[in-house]
Amino acid sequence: MRRFAIVLTPLLLAGCIKGSATYYITESSNEHVITVRAEQEYFWNKEMTLTLVTSHMPECQRAFPMESVALDEVSVELFSNGDDVYSVRSSGELIQIDTLTCTQLAEPKPAALGQPVGTFFIDEKTVTFEKAAAAAPAAPASAAGG
């Protein structure tokens, strides 16, 4: 019986999702990044535990636990406020962080999130980061004609 349990243990964990995706603030290096880690502890669990990690090496690195979200609702939006301050929104949770000091700031007002940078999401059991589409240039004003 014990051998049977040992053989089945990996099968119980096989359906679990555990991964991370990273946004590189400094594109040419991995020393200044924001990472979202997602973990489904058991295959029958319908929620993901999220963790936000900010890293500005060698100065600091810090993990911020986030709320658990339903598997089909894993979408973490990333916004930039400038000056290395970022806002992270997931379901009903909103976190603002300073990536130079790896500190959590006061929760921003929804109107003050900043410019969209991208979204972390689950794609085929893999955590993925997708950059936001670049803002379209403003259309030239047409001259009023008679």
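In which strand does threonine 126 lie? In this predicted model, the residue belongs to strand 10, which covers residues 126-131. Threonine 126 is neither fully tucked away nor fully out in the open: its relative accessible area comes to 42%, so it counts as partly exposed, given that the partly exposed class sits between the 20% and 50% cut-offs. There's also a long-range pairing to note here, since the C-alpha atoms of threonine 126 and alanine 21 are 8.6 Å apart, with their positions 105 residues apart along the chain.

Next up is the disulfide count. Searching the whole structure turns up 1 disulfide, formed by cysteine 60 and cysteine 102, whose sulfur atoms are separated by 2.1 Å. The torsion about the S-S bond is about 75 degrees, which makes the disulfide right-handed. This pair ties together distant parts of the chain, 42 residues apart: cysteine 60 comes from strand 4 (residues 60-70), while cysteine 102 sits in the loop between strand 7 (93-98) and strand 8 (103-105). Both ends fall under the 20% limit for burial: cysteine 60 has a relative accessible area of 14% and is therefore buried, and cysteine 102, at 3%, is buried as well.

Then there's the surface. A nonpolar patch is formed there by Tyr42, Phe43 and Trp44, which together offer about 340 Å² of accessible area. One of these residues, tyrosine 42, is found in the loop that runs between strand 2 (32-39) and strand 3 (47-56). With a relative accessibility of 40%, tyrosine 42 is classed as partly exposed.

Notes. Residues are numbered from 1 along each chain as its sequence is written. This is a predicted model: local features need pLDDT of at least 70, side-chain atom pairs count only at pLDDT 80 or more; totals for chains, interfaces and linings use all residues. Side-chain values use heavy atoms; hydrogens and water are left out. Patches are made of residues with over 30% relative accessible area and no salt bridge: like charges are joined within 9 Å, nonpolar side chains (Val, Leu, Ile, Met, Phe, Trp, Tyr) within 5 Å. Accessible areas come from the Shrake-Rupley method with a 1.4 Å probe; for residues, only the protein chains shown count as cover. A salt bridge is a side-chain nitrogen of Lys or Arg within 4 Å of a carboxyl oxygen of Asp or Glu. Helices (H or I, at least four residues) and strands (E, at least two) are DSSP runs, numbered from the N terminus. Buried means under 20% relative accessible area, exposed over 50%, partly exposed in between (1.4 Å probe, protein chains only). A disulfide is a pair of cysteine sulfur atoms within 2.5 Å.
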